[in-house]
Amino acid sequence: MSDLLRLCTAGSVDDGKSTLVGRLLYESRAVYEDQIHAVSRATRQGGADAIDFSLFTDGLRAEREQGITIDVAYRYFATSRRKFILADTPGHEQYTRNMATGASTADLAMLLVDVQQGVREQTRRHARIARLLGITSFVLAVNKMDLVGFDRDTFDAVCREFADLAGDALVRAIPLSALCGDNVIARSQRTPWYDGPSLLEHLETAEIAADRPQGGFRFPVQIVLRSDGGFRGYAGQVVSGSIRPGDEVTVWPSGIRTRVRRITTWDGDAAVAFAPMSVALEVDADVDIGRGDLLSTGAVHVSRRFTAEVVWMDERPLDPRRPYLLKHTSRTVTADVEGRLELNEIGSVTLTTSRPLAFDPYARNRATGSFVLIDPATGFTSAAGMIVRPETEQVAPTFSTGAAGRIALAARAAHSDGEAIDAVRRALEEILT
């Protein structure tokens, strides 16, 4: 079991999410004394006696005025058994894009349902987004059980409504009352028919897939480092897998193969680099590697055309007549998008990019299988996408030596077309003699 759990909350407005998160933080002693005093004072001013736990999380003035959660708020807390990073996401349909942002890094989704309302459209939308983002573990928090007398049949009916939404994901349904504290931290005496764990007990023990990325080492190049002393390194972050000096890697999309000679970090050389370390790699040949290239130890897809699931975040609907900027790892290209989507809609689209991309399906690797679409006119992030599969596959040429790479490297370093021609000619002469 990992000692760190990343989770997100989701659910419709007024399902009691803020109250549940506030109680969870308060009773696990994750709030400071001054916060408790401030919330107690605000509660008394509102005419109530008991602490209003929702005030621990509704920090923004606009949220308090409207009684809803607008932005994503990240909360850090810990118990004796586990550390938690909780992304508290908004429930209102207008802010569905913020929910997708919060869920993008989560291992577990906690979906709240008001037992009196049952599963609503926003619950279905959040469950689908969480599944698209690769979350395979859910908590169905059936809240406000005190308002139905902790009736088991009502709880079971909600569970049946939700059953088809999670697909093959693991689901733990818990009857609780955030307002009264039943089954939040300790098991409640008012649900004798429920023999499962409390919410906190489940969060402390939930098994999460240990290593979601598959396929080995992935390293998008952020920047090429050079020095007068001849140093040439490729800096970036290891997004999955690990690498050691001497290991062979393939440079995508060119398909050139080389070996890692040295791994350097801020603290000196390293014997191994693994996710999520930021390092600089030296390789043992003068190959052509630039920003946006991907170094890997396993095969990846290389294509200009692929299918993806997209969450549209822009008030301007998707217009297939307009090109968009597509940012994938450290590479940005223009892309044509086939499909029609409006704000907060989720759908399947086909994309054609101006240059080949090297990627994995999102189901195999979140980092190399995701992208964002940017409106070039406004600079606004229009959509978040998860790659499903390539529509066409480009077979990249592969080179086991640095010959082709040396030619390309010489041409790239030139300052004019004339210099490039001379550089390529000299490189060819060196190789052939």
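This is a short tour of a predicted model, with one selection at a time.

**Stop 1: the six-stranded sheet**

Start with the open sheet of six strands. Reading across it, the order is β2-β3-β1-β4-β5-β6, and the pairing is mixed. Now select residues 73-78, which form β2, and residues 170-175, which form β6. These two are the edge strands, and each pairs on one side only. Turn the view and compare neighbours. On average, neighbouring strands of this sheet are turned by 25° against each other, direction ignored.

**Stop 2: strand β1**

Select residues 4-11, strand β1. Is this strand enclosed or open to the outside? Six of its eight residues are buried, so β1 is largely enclosed by the rest of the structure.

Look at its two partners. Add residues 83-88, strand β3. It runs parallel to β1, and six bridges join the two. Click Thr9 to find one of them: its bridge partner in β3 is Asp88. Then add residues 108-114, strand β4. β1 and β4 also pair in the parallel sense, over five bridges. Here, click Ala10, whose bridge partner in β4 is Leu111.

**Stop 3: helix α1**

Select residues 17-27, helix α1. The helix is mostly covered, with nine of its eleven residues buried. Which residues are the buried ones? They are Lys17, Ser18, Thr19, Leu20, Val21, Gly22, Arg23, Leu24 and Leu25.

Show what lies around them. The buried residues of α1 pack against β1, β2, β3, β4 and β5, and also against α7, residues 199-205. Before you leave, click Arg29, just after α1. Its phi is positive, about 60°.

**Stop 4: strands β5 and β6**

Go back to the sheet and select residues 137-143, strand β5. It pairs with β6 in the parallel sense, over six bridges. Click Ser137 and look across: Leu170 in β6 stands opposite.

Now add residues 152-162, helix α6. This helix packs on the sheet and touches β4, β5 and β6. Its direction makes about 145° with that of β5.

**Stop 5: helix α5**

Select residues 121-132, helix α5. It lies across β1, β4 and β5, running at about 175° to β4.

Try a length check. What span should its twelve residues have? At 1.5 Å a residue, they should span 16 Å. The end C-alpha atoms of α5 are 17 Å apart, which agrees.

Next, colour the buried residues of α5: Gln122, Thr123, Arg125, His126, Ala127, Ile129, Ala130 and Leu132. Keep a rule in mind as you look along the helix. An α-helix has 3.6 residues a turn, so residues three or four places apart point the same way. Then step past the end of the helix to Gly134, which follows α5 and has a positive phi near 90°.

**Stop 6: strands β17, β20 and β21**

Move further along the chain. Select residues 324-328, strand β17, together with residues 370-374, strand β20. They run antiparallel and are joined by three bridges. Click Lys327: its bridge partner in β20 is Val372.

Keep β20 and add residues 381-390, strand β21. This pair is antiparallel too, with five bridges. Phe371 stands opposite Gly385 in β21. What do β20 and β21 form together? They form a hairpin, with six residues between the strands. Finish at Gly379 in the turn, where phi is positive, about 75°.

Methods
Residues numbered from 1 in each chain as written. Predicted model: local features only at pLDDT ≥ 70, side-chain atom pairs only at ≥ 80, totals over all residues. Heavy atoms only, no water. Pairing = 2+ DSSP bridges. Helix = DSSP H or I, 4+ residues; strand = E, 2+ residues; numbered from the N terminus. Axes fitted to C-alpha atoms, helices over the stretch in contact; angles between N-to-C directions. Contact = heavy atoms within 4.5 Å. Expected span 1.5 Å × (residues − 1). Buried < 20%, exposed > 50% of the residue type's maximum accessible area, 1.4 Å probe, protein only.
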